[in-house]
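Trainee: I should like to learn how to read a helical model feature by feature. Might we work through one together?

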Amino acid sequence: MTTSDELLGDLLRQVSRSFYLSLAILPRPLREPLGLAYLLARAADTVADTRLIARAERIGHLETLRRAYDGHGDAAAVVHACAPQQAHAAERRLLERVDATLARVARLPAADLAGVRRVLTTLTDGMLFDLTRFPGEDARGLAALDSLAELDRYTYLVAGCVGEFWTDEHLAHRPRLAGWEPTTMRAQGVRFGKALQMTNVLRDVPSDLEHGRCYLPAAELATLGLEPADLLDPAAALRARPLLERLLGVALGHYDEAWRYALAIPRREWRMRLACVWPLSIGLATLEALAQHPNPLAASPPVKISRAAVRAILARSALTVGSNRALAAEAARRRARVAAHARLAATSVVDVES
């Protein structure tokens with residue numbers, strides 16, 4: 001039988017990119033449900049992105065996975081159909097381990113099991129929304145979200161729900177969080193997930209357009225005299241700068257709540273603090289790079305920060321993790337730089353004590 005250590009070791013590292021950093025530092029009782037849920041979500045996302053398989057079949061496979069993830073189906077047919085189509089060995093191995101991952105999930109305590117199933121249902125709903133909302137596979141079939149409200153709903157389905165799950169798991173397993181007000185912290189957890197997803201949305205506009213997806217709302221583009229297809233032209237993409245700046249403002253609002261969440265974590269829960277501070281710091285640094293770029297909506301390759309910059313963030317946060325004042329000051333500096341380049345009002349992240 002495959003052990004959790006095998007699944008949450010090399011396999012998780014190979015397919016999770018930066019999220020592995022946050023998962024790896026968590027205590028084991030948290031790492032297992034969060035890590036197993038991530039593997040299954042990543043497997044479903046791999047199926048959704050397997051363009052060698054017809055879209056209608058991928059939708060059927062996702063619906064099968066959703067039933068299997070909820071304990072009411074068998075994923076074997078999906079694995080058989082999709083695993084051989086993977087160009088990357090890690091993604092093929094991930095799909096081949098779905099049954100083993102489901103077996104480990106089934107052994108979780110009842111509350112953890114219910115949480116994993118709940119978040120996976122929402123995440124697969126988001127993937128199905130994506131496949132049906134964007135019917136094309138390339139720029140010729142380009143479609144766009146309609147409104148800011150639809151974009152907000154999308155960011156909840158694919159990331160905000162993870163913030164809820166993350167919060168519930170920590171509340172259940174970490175007694176030091178007994179002072180947290182669950183409703184408030186879950187809401188801030190949702191904003192945490194939305195902050196990171198908005199960063200992905202803004203960073204990935206050029207590549208998403210190439211695959212027929214425009215997450216910049218059509219109604220907002222129309223106010224600038226633009227249609228989604230216009231963004232394929234770098235000169236027209238530059239005209240969308242006011243919308244980029246507005247969405248950077250939305251993202252910064254989410255980051256403000258996310259930082260309040262992180263700074264509310266007791267200092268003795270340093271593992272959880274680092275697991276939250278790392279993605280927030282990397283995300284804000286990415287927003288800063290986007291805001292500074294002359295035309296990020298047409299950038300190729302997409303804007304991202306260097307590995308050296310990531311290493312510097314990890315090292316610096318390891319030294320400041322115990323100080324709310326130091327963490328908030330660093331976040332405020334990055335936020336101010338984003339706001340300055342995006343011509344937004346710069347405000348403090350949160351009032352803190354040292």
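The dialogue below takes up several features of this structure in turn.

Mentor: Please keep in mind throughout that this is a predicted model.

Trainee: Let us begin with helix α1, residues 4-16. What span does helix α1 have between its end C-alpha atoms?

Mentor: The usual approach is to set the span beside that of a straight helix. For 13 residues at 1.5 Å a residue, a straight helix would cover 18 Å, whereas α1 covers only 16 Å. The axis of α1 also has a kink of about 30°, centred on Asp-10.

Trainee: Which residues of α1 are buried, and what covers them?

Mentor: The buried residues of α1 are Ser-4, Leu-7, Leu-8, Gly-9, Leu-11, Leu-12, Val-15 and Ser-16. Their cover includes α2 (19-25), α3 (28-48), α6 (89-96) and α7 (98-106).

Trainee: What backbone feature is found just after α1?

Mentor: The general idea is that most residues other than glycine have a negative phi. Arg-17, just after α1, takes a positive phi of about 50°.

Trainee: Where is there a cis peptide bond?

Mentor: As a general matter, most peptide bonds are trans. The bond from Ser-300 to Pro-301 is cis, with omega near 0°. Pro-301 belongs to the loop between α15 and α16 (307-320).

Trainee: I turn to the interior. How many residues does the largest nonpolar core have, and which of them have the most contacts inside it?

Mentor: That core has 111 residues, and those with the most contacts inside it are Tyr-69, Val-98, Leu-216, Trp-259 and Leu-287. Take Leu-287 as a case: beyond residues up to four places away in sequence, Leu-287 touches Thr-199, Leu-202, Leu-248, Ala-251, Leu-252, Tyr-255 and Val-338.

Trainee: How many disulfides does a search of the whole structure find?

Mentor: The search finds 0 disulfides. To read such a result, one looks at the distance between sulfurs, for which the cut-off is 2.5 Å. The cysteine sulfur closest to that of Cys-276 is in Cys-161, and at 16 Å it is too far for a bond. Cys-276 is buried, at 1% relative accessibility, and Cys-214 is buried with a relative accessible area of 1%.

Trainee: Next, charged side chains. How many salt bridges are counted?

Mentor: The general idea is that side chains of opposite charge can pair when their charged atoms come close. Here the count comes to 28 salt bridges. One of them joins Asp-138 to Arg-140, with the closest N and O atoms 2.7 Å apart. Asp-138 is partly exposed at 25% relative accessibility, while Arg-140 is exposed at 78%.

Trainee: Which residue forms a salt bridge with Arg-334, and are the two buried or exposed?

Mentor: Arg-334 pairs with Glu-288, the closest N and O atoms being 3.1 Å apart. This pair links distant parts of the chain, 46 residues apart: Arg-334 is in helix α17 (residues 324-341) and Glu-288 in helix α15 (residues 270-292). Both Arg-334 and Glu-288 are buried.

Trainee: What other salt bridge involves Glu-288?

Mentor: The side chain of Glu-288 also meets that of Arg-337 in a salt bridge, at 2.7 Å from N to O. Because Glu-288 lies in helix α15 and Arg-337 in helix α17, this pair ties together parts that are 49 residues apart in sequence. Glu-288 has a relative accessible area of 10% and is buried, whereas Arg-337 is partly exposed at 33%. Through shared partners, salt bridges join Glu-288, Arg-316, Glu-330, Arg-333, Arg-334 and Arg-337 into one network.

Trainee: Finally, polar residues within helices. Where is Gln-188 found, and which residues are in contact with Gln-188 beyond its neighbours within four places in sequence?

Mentor: Gln-188 is part of helix α10 (residues 182-203) and is buried, with a relative accessible area of 10%. Beyond those sequence neighbours, the contacts of Gln-188 are Glu-257, Arg-260 and Tyr-261. Gln-188 and Gly-160 lie 28 residues apart in sequence and 9.3 Å apart in space, C-alpha to C-alpha.

Trainee: Is Thr-122 buried or exposed?

Mentor: Thr-122, in helix α8 (residues 110-133), is buried with a relative accessible area of 15%. Apart from neighbours within four places in sequence, Thr-122 is in contact with Tyr-156, Leu-157 and Cys-161.

Definitions and conventions:
Residues are numbered from 1 along each chain as its sequence is written. This is a predicted model: local features need pLDDT of at least 70, side-chain atom pairs count only at pLDDT 80 or more; totals for chains, interfaces and linings use all residues. Side-chain values use heavy atoms; hydrogens and water are left out. Buried means under 20% relative accessible area, exposed over 50%, partly exposed in between (1.4 Å probe, protein chains only). Helices (H or I, at least four residues) and strands (E, at least two) are DSSP runs, numbered from the N terminus. The expected span of a helix is 1.5 Å times one less than its number of residues. The bend at a residue is the angle between axes fitted to the seven residues ending there and the seven starting there. Contact means heavy atoms within 4.5 Å. A nonpolar core is a set of buried Ala, Val, Leu, Ile, Met, Phe, Trp, Tyr and Cys residues joined through side-chain atoms within 4.5 Å. A salt bridge is a side-chain nitrogen of Lys or Arg within 4 Å of a carboxyl oxygen of Asp or Glu.
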